[in-house]
Amino acid sequence: MGTFLRSRRETVTPSQVGLPISRRRRTPGLRRAELATISGISVDYLTRLEQGRDRHPSPQVLAALADALQLSVGERVQLRNLAKAASGADVLCPGGLPPEREVRPTIRALLDRLEPTPAVLLNRLGETLAHTSAYERFARPIGLLDGRPPSRVRFVFTDDRARAAYPDWDRIADEQVATLKAESSRNDPHLVHLIDELTITAGAPFTKRLQATPALPHRTGVERLIHPEVGQLRLAYETLDTEGQHLMIYLPADDATSAALDRLNQRQPGALRAVRG
C-alpha cells in the first residue's frame, strides 16, 4: 500500500492539482507535504503510510488521498484492496443478517407474468437478484447487469457509463444513497462493508451524499435513460416492498418510449402502453 501511494504521488504533477511549479523542484511529482496538505492529513501520518508503519488508514483517509491523487476507479479499487491486505481485514466481521439473496418462487412467478414489462428485484444493498427478460434487453447494453452480483449502486457510482446513461445522474445518485440509508442500519456490517468500499472507489460524489441530511427515497417517479440502441427512454417506475427486497417495475412514460421498448422486445407496436401522470 505504501509503495502504491508513493508511486502515484510521484506521477502527479503540481500543475494537475493547481500548484505553482518551482524551478528548484528535484522531482516532477508531488512532495509529501503538498499531498498531505491537499488531502488534509499530516505529513507525519502520510510518511508512516508510505513507509508501511501504519497499516490501518480509515476509509475517509484513503478517499481523501484518492481524490488528491486523482485516482481512476480501477486505481481506487486497487488502493482499497491493498489497504485491506495491509490491515489483515480480509473477511467481514461476523454479526448482522446477510442481505436477502434468495428469490421466492412466488416472486419468480410474478416476474414471468409481468413480461414484456421491464422489472427487477433488488435487495437492500442494491444487488440485482432477478429480472424479466424485458429488463435484460434494455439494461444489459447499458451495463446495469455487469458484475457478480450486478449492483445498481456500484454501477451508478463507479462505472463511467452511468453518467452517460443517466442524464439526471445527480438525482439518481441521491436516490441510491437514500435507499441504502432507508433500508439498512448504519450498524449493519454488510452495509458498512459496502460503504467502506464506495468511500474509496467512488470518493466525494458518494461520501458527500452519505453525510447529507437523510431523505426518504422516492417509491415512484420517472427515470430518464439514454439507451445505446434506441436512444432516450422515459420510464415511469413503481417500487413494491417484498420483505427485505423490493421489486421495481418500469412502464413507458410516453409514446416514444413505448415504441422503443416494443422494438427492444421485438413486439408488435402497442404491447406496452404509455403511462401518463
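1. A good place to start is Asn 265, whose side chain reaches the backbone oxygen of Pro 116 at 3.3 Å. Please keep in mind as you look at this pair that the model is predicted.

2. Where does Asn 265 sit along the chain? You will find Asn 265 in the segment that comes after α13, the helix made of residues 255-264. Setting aside neighbours within four places in sequence, the residues in contact with Asn 265 are Pro 116, Ala 134, Arg 137 and Leu 272. Pro 116 therefore turns up twice for Asn 265: in this list of contacts, and as the owner of the backbone oxygen that the Asn 265 side chain reaches.

3. Is Asn 265 buried or exposed? Its relative accessibility is 7%, so Asn 265 counts as buried, the cut-off for that label being under 20%.

4. Now for the chain as a whole. The protein chain holds 13 helices and 5 strands, and its C-alpha trace spans about 70 × 45 × 30 Å along the principal axes. There are 277 residues, and 47% of them count as buried. The accessible surface of the protein chain is about 14,300 Å², with 51% of that belonging to carbon and sulfur atoms. If you take the contacts with a separation of 6 or more, residues 24 or more positions apart account for 53% of them.

5. Helix α4 deserves a visit of its own. This helix is mostly covered, with 7 of its 10 residues buried. The buried ones are Pro 59, Val 61, Leu 62, Ala 63, Leu 65, Ala 66 and Ala 68. What lies over the buried residues of α4? The cover includes α1 (2-9), α2 (32-39), α3 (43-50), α5 and α11 (189-201). After α4 comes Gln 70, and its phi is positive, near 55°.

6. Of the helices that help cover α4, α5 is one to view in detail. The axes of α4 (residues 59-68) and α5 (residues 73-87) come within 11 Å and cross at roughly 145°, and the crossing is right-handed. On the α4 side, Leu 62, Ala 63, Ala 66 and Asp 67 take part, and they meet Arg 76, Leu 79 and Ala 83 of α5. By type, the residues of this contact divide into 5 nonpolar, no polar and 2 charged. Leu 62, Ala 63 and Ala 66 also appear among the buried residues of α4.

Key: Residues are numbered from 1 along each chain as its sequence is written. This is a predicted model: local features need pLDDT of at least 70, side-chain atom pairs count only at pLDDT 80 or more; totals for chains, interfaces and linings use all residues. Side-chain values use heavy atoms; hydrogens and water are left out. Axes are lines fitted to C-alpha atoms, for helices over the stretch in contact, and angles run from 0 to 180 degrees between N-to-C directions. Helices (H or I, at least four residues) and strands (E, at least two) are DSSP runs, numbered from the N terminus. A crossing is left-handed if the near helix is turned anticlockwise from the far one by less than a right angle, and right-handed if clockwise. Contact means heavy atoms within 4.5 Å. Ala, Val, Leu, Ile, Met, Phe, Trp, Tyr, Cys and Pro count as nonpolar, Asp, Glu, Lys and Arg as charged, and the others, Gly among them, as polar. Buried means under 20% relative accessible area, exposed over 50%, partly exposed in between (1.4 Å probe, protein chains only). Accessible areas come from the Shrake-Rupley method with a 1.4 Å probe; for residues, only the protein chains shown count as cover. A polar contact is a pair of N or O atoms within 3.5 Å; within protein, one must be able to donate a hydrogen and the other to accept it, and residues adjacent in sequence count only if both atoms are side-chain atoms.
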